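Visitor: I would like to go through this model with you, one point at a time. Please give the reasoning before each answer.

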Amino acid sequence: MVARISSGASPSGAARYNENKVEKGEAERLAVRNFKGVVQPVGEMTYAVVAGKLEDQAGLNQRIGKPTFHASLSLAPGEKPSSAELLAMADQYMQGMGYGRQPYVVYQHHDTDHTHVHIVSVRVDDKGKKVPDNHERERSNKLRQQIEQDFGLQAAQRTAVKKERVELVPLQYGQGDLKRELSDVVQGVLRGFQFSSMAQYNQLLGIYNVKAIEVPQPGKAPGLVYSLLDSQKNTVGTPFAASTLPYQPTLSTVTRRADAGKKIKGDRVKGVRKVAYTALTGSANWTDFQVKLSAVGIETLPHRGADGNLFGISYVDVRSKAIYGGSELGKAYTAGSLKNTFGPDYTYPIDRPLDAGKTASIEHKQQQSKQLVDKPAQDQSVKQRESQDQNQSPMHNQDMIRQFLNALAGPEENDNEHELKSMLKRARQRNR
């Protein structure tokens, strides 16, 4: 079993996500616990009643900025316990996490192949005090292990989580469950990488053929919708509003992550700049520069106009999971400076290493040897590559995709969230 916890500013938002699933027949409300004063049967309660109770409890302490407690318990493929057993697991989990007396709602979802439940509660008790959240991750992990033993479930292995996340691939319109897969991509990027602007967020999403678009709302702050992109990077299909996706990756959420990413990247940029400097001073051309960076886990994202001319470049450190604009590393690493250094015609590397930390692959060396004795074939190969480079986005290069997938298959979401919080805490202490 895999247990995940998220926090949020709006309990009604978490409830709305699950209630929408119920309305569509993709989930069912299994139980409502500790809703004092509410006498309707579980199946007859409206969203307004459910959300209202949670909001009222959260309102007892306005100082808690994120009063929402939203947990999910996911079982291994093939495990099909009864609804009663799932409810017992949820109750045991909430009791152990200190929420046994809190109002909470348990939902069973039917929209994926693996059985899972969502639990929505609040971090404010009936006296207005915050429910203790110290060592929350550790306590959750111990509870997960105990529930696995008590109910005879398969033990959750980190490798299982990695396998699930490696399945993230560039989306294709008309194939698969697009909303679900798009949501997986959005969550993988939003929670897995550090970025400092909406543009950088979209550069990461673009690797998987997804784009976030701000939309004006009369009398309100702009909203955010997510669309699929075709091979020419044009939007296709019906966009999905952020509020309809799991965990609601809204504009305010993206902005908060960007602000946090800016601080975290500030602590890391010197190391990335040092690596980039070594690659730059030891390279004779575009290919050398990019292959050397890729060998140490840094991928380049070129940005070109409709005419094919390079107007910008970004760098993604797949090991620390952060994206940097050229200007963030320094003037020498901007598109303009690199064109002066390597020539105005950008060239995508013919080959690149697949694993961070390794030098150029044996296949690359063999190709170089072959090219020395077969110059005509080399010229033709380069021409074909240049032709492809003009008509196809380098984001579709499978080696680069594998680098990003390996990066996203790193620590669990909660590990990444914990690291983010720890780094922000250290940054605040240094600034005092």
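Visitor: What is the mean pLDDT of the chain?
Guide: This is a predicted model, and pLDDT is the predictor's confidence in each residue. Of the chain's residues, 77% reach 70 or more. The mean for the chain is 81.

Visitor: Over residues 354-399, how many contacts does the model have beyond near neighbours in sequence?
Guide: The pLDDT of residues 354-399 is below 50. Where pLDDT is low, the predicted coordinates should not be read in detail. With that caution, the number of contacts in the model for this stretch is 58.

Visitor: Which strands are the edge strands of the open sheet β6-β7-β8?
Guide: The sheet has three strands in the order β6-β7-β8, with antiparallel pairing. An edge strand pairs on one side only. That description fits β6 (210-217) and β8 (235-241).

Visitor: How many bridges join β7 to β8?
Guide: On the β6 side, β7 (residues 220-229) pairs in the antiparallel sense over seven bridges. β7 and β8 also run antiparallel. The bridges that join β7 to β8 number four.

Visitor: Which residue of β8 is the bridge partner of Val-225?
Guide: The neighbouring position in β7, Leu-224, stands opposite Glu-214. In a regular strand the side chains alternate between the two faces of the sheet. For Val-225, the bridge partner in β8 is Ala-241.

Visitor: Which residue in the hairpin of β7 and β8 takes a positive phi?
Guide: Five residues lie between the two strands of this hairpin. The phi in question is near 65°. The residue is Lys-233.

Visitor: Which helix packs on the sheet, touching β6, β7 and β8?
Guide: The helix spans residues 178-192. Its direction makes about 110° with that of β7. The helix is α6.

Visitor: How does α6 lie relative to α7?
Guide: α6 and α7 (residues 198-206) pack with their axes 10 Å apart, at an angle of about 130°. Angles of 65 to 115 degrees count as roughly perpendicular and those over 145 as roughly antiparallel. The angle of about 130° falls in neither class, so α6 is oblique to α7.

Visitor: What handedness does the crossing of α6 and α7 have, and how many nonpolar residues are in the contact?
Guide: The crossing is right-handed. From α6 the contact uses Val-185, Val-186, Val-189 and Leu-190, and from α7 it uses Tyr-201, Leu-204 and Leu-205. No polar and no charged residues take part, and the nonpolar residues number seven.

How values were computed:
Residues are numbered from 1 along each chain as its sequence is written. This is a predicted model: local features need pLDDT of at least 70, side-chain atom pairs count only at pLDDT 80 or more; totals for chains, interfaces and linings use all residues. Side-chain values use heavy atoms; hydrogens and water are left out. Two strands pair if DSSP finds at least two bridges between them. Contact means heavy atoms within 4.5 Å. Axes are lines fitted to C-alpha atoms, for helices over the stretch in contact, and angles run from 0 to 180 degrees between N-to-C directions. Angles under 35 degrees count as roughly parallel, over 145 as roughly antiparallel, 65 to 115 as roughly perpendicular and the rest as oblique. A crossing is left-handed if the near helix is turned anticlockwise from the far one by less than a right angle, and right-handed if clockwise. Ala, Val, Leu, Ile, Met, Phe, Trp, Tyr, Cys and Pro count as nonpolar, Asp, Glu, Lys and Arg as charged, and the others, Gly among them, as polar. pLDDT is the predictor's confidence in each residue, from 0 to 100.
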